[in-house]
Amino acid sequence: MILPIYGYGEPVLRKVGEEITKDYPNLKETIANMYETMYHAYGVGLAAPQVGLAIRVFLVDTSPFAESDDISKEEAEELKTFKQTFINAKIIKEEGDLWGFNEGCLSIPDVREDVFRHDTITIEYFDEDFNKKTEVYSGIIARVIQHEYDHIEGILFTDHLSMLKKKLIGKKLMNIMEGKSRPDYKMKFVNKKGR
């Protein structure tokens, strides 16, 4: 089932997600709905707060990035097959150079800005079957994970921008809150009933 994506300004996007257990009600169905919602909106990641759930769950599928001409063949192969669900994730280390990349967000349609993040992360998490894992990721995969991880911490990519950049996109953010944004997917806006 395709769920509405909560837009900028919705309070749930600012909540730190709560850890869940494997007995969380309808977890498999929730994850399946999140994947369907993400693919419908042509996203590469989606976090539970973006569909109104203040829990520590997010998912990533980097395959769309595999088509980019700006990456090595090796990274393209890795991106093509990387699909993972992260439950109760905790980034335990960020390292390597900070590098900029033009990011967007399904909750903040029509806004894209360069964000600087660490190249490599070490993350602990549970997969969909509640197997505990510790993995090291780098490059675009690490970036997408960091972006989604921010969501379960109540952080949006716009929080990483300078005051000047925030001021320049202020009108666009206001339009999202007022429901004036018209992406090709279903959204729920803070100051307007969903469409």
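# Reading the folds and rings of a predicted model

There are five helices and seven strands in the protein. The model is a predicted one.

Q: In what order do the elements run from the N terminus on?
A: Read the chain from its start. The order is β-α-β-β-α-β-β-β-α-α-α-β.

Q: How does the radius of gyration of the protein stand against the globule rule?
A: Put the value beside what the rule gives for the chain length. Here the radius of gyration is 16 Å, close to the 16 Å that the rule gives for 195 residues, so the protein is as compact as a globular protein of that length. The C-alpha trace spans about 40 × 40 × 30 Å along its principal axes.

Q: What part of the 195 residues counts as buried?
A: A residue is buried when its relative accessible area is under 20%. By that cut-off, 49% of the 195 residues are buried. The accessible surface of the protein is about 10,100 Å². Carbon and sulfur atoms account for 51% of that surface.

Q: Among contacts between residues at least 6 apart in sequence, how many join residues at least 24 apart?
A: The share is 67%.

Q: Which way do β3 and β4 run, parallel or antiparallel?
A: Look at the bridges and the direction of the strands. β3 and β4 run antiparallel, joined by five bridges. For one position to find on screen, take Leu 59, which stands opposite Thr 85 in β4.

Q: How many bridges join β4 to β5?
A: The count is 13, and these strands run antiparallel. Leu 98 has His 118 in β5 as its bridge partner. Now follow the chain from β4 into β5. A hairpin makes that connection through two residues.

Q: What describes a pair of aromatic rings?
A: Two values do: the distance of the centres and the angle of the planes. This structure holds eight aromatic pairs. Start with Phe 58 and Phe 86. Their centres are 4.8 Å apart and their planes are at 15°; planes under 30 degrees apart count as stacked, so this pair is stacked.

Q: Where in the chain do Phe 58 and Phe 86 lie?
A: Phe 58 is in strand β3 (residues 57–61) and Phe 86 is in strand β4 (residues 83–105). They are 28 residues apart, and the pair links distant parts of the chain.

Q: Are Phe 58 and Phe 86 buried or exposed?
A: Both are buried. For Phe 86 the relative accessible area is 0%.

Q: What kind of pair do Phe 86 and Tyr 125 form?
A: Use the two values again. The rings of Phe 86 and Tyr 125 are 4.4 Å apart centre to centre, with 50° between the planes, and the pair is tilted. This pair also links distant parts of the chain. Phe 86 is in β4, while Tyr 125 is in strand β5 (residues 108–126), 39 residues apart. Tyr 125 counts as buried because its relative accessibility is 1%, under the 20% cut-off.

Q: Which residues do ring pairs link into a cluster?
A: Trace the pairs from ring to ring. The cluster holds Phe 58, Phe 82, Phe 86, Tyr 125 and Tyr 137.

Q: Which charged end sits over the ring of Tyr 35?
A: Check the charged end against the ring centre. For Tyr 35 the partner is Lys 83, with its charged end 4.7 Å from the centre of the ring. Another case is Arg 143, which lies over the face of Trp 99 at 4.3 Å from the ring centre.

Q: Where does Gly 7 lie, and what is it in contact with?
A: Gly 7 is in the loop between β1 (5–6) and α1 (27–40). At 0% relative accessibility, Gly 7 counts as buried. Set aside its neighbours within four places in sequence. Gly 7 is then in contact with Leu 13, Ser 107, Ile 176, Met 187 and Lys 188. Compare Glu 95: from Gly 7 it is 88 residues away in sequence and 31 Å away in space, C-alpha to C-alpha.

Q: What is phi of Asn 26?
A: Look at the sign and at the residue type. Phi of Asn 26 is near 55°, a positive value in a residue other than glycine. Asn 26 is in the loop between β1 and α1. With 52% relative accessibility, Asn 26 counts as exposed.

Q: What is phi of Asp 110, and where is this residue found?
A: Asp 110 is not a glycine, yet its phi is positive, at about 70°. Its place is in strand β5. Asp 110 is exposed, with a relative accessible area of 58%.

Terms used
Residues numbered from 1 in each chain as written. Predicted model: local features only at pLDDT ≥ 70, side-chain atom pairs only at ≥ 80, totals over all residues. Heavy atoms only, no water. Phe/Tyr/Trp six-rings, centres within 6.5 Å; stacked < 30°, edge-to-face > 60°. Helix = DSSP H or I, 4+ residues; strand = E, 2+ residues; numbered from the N terminus. Buried < 20%, exposed > 50% of the residue type's maximum accessible area, 1.4 Å probe, protein only. Lys NZ or Arg CZ within 6 Å of the ring centre and 35° of its normal. Rg over C-alpha atoms; globule rule 2.2 N^0.38 Å. Contact = heavy atoms within 4.5 Å. Areas by Shrake-Rupley, 256 points an atom, 1.4 Å probe, with all protein chains shown as cover. Pairing = 2+ DSSP bridges.
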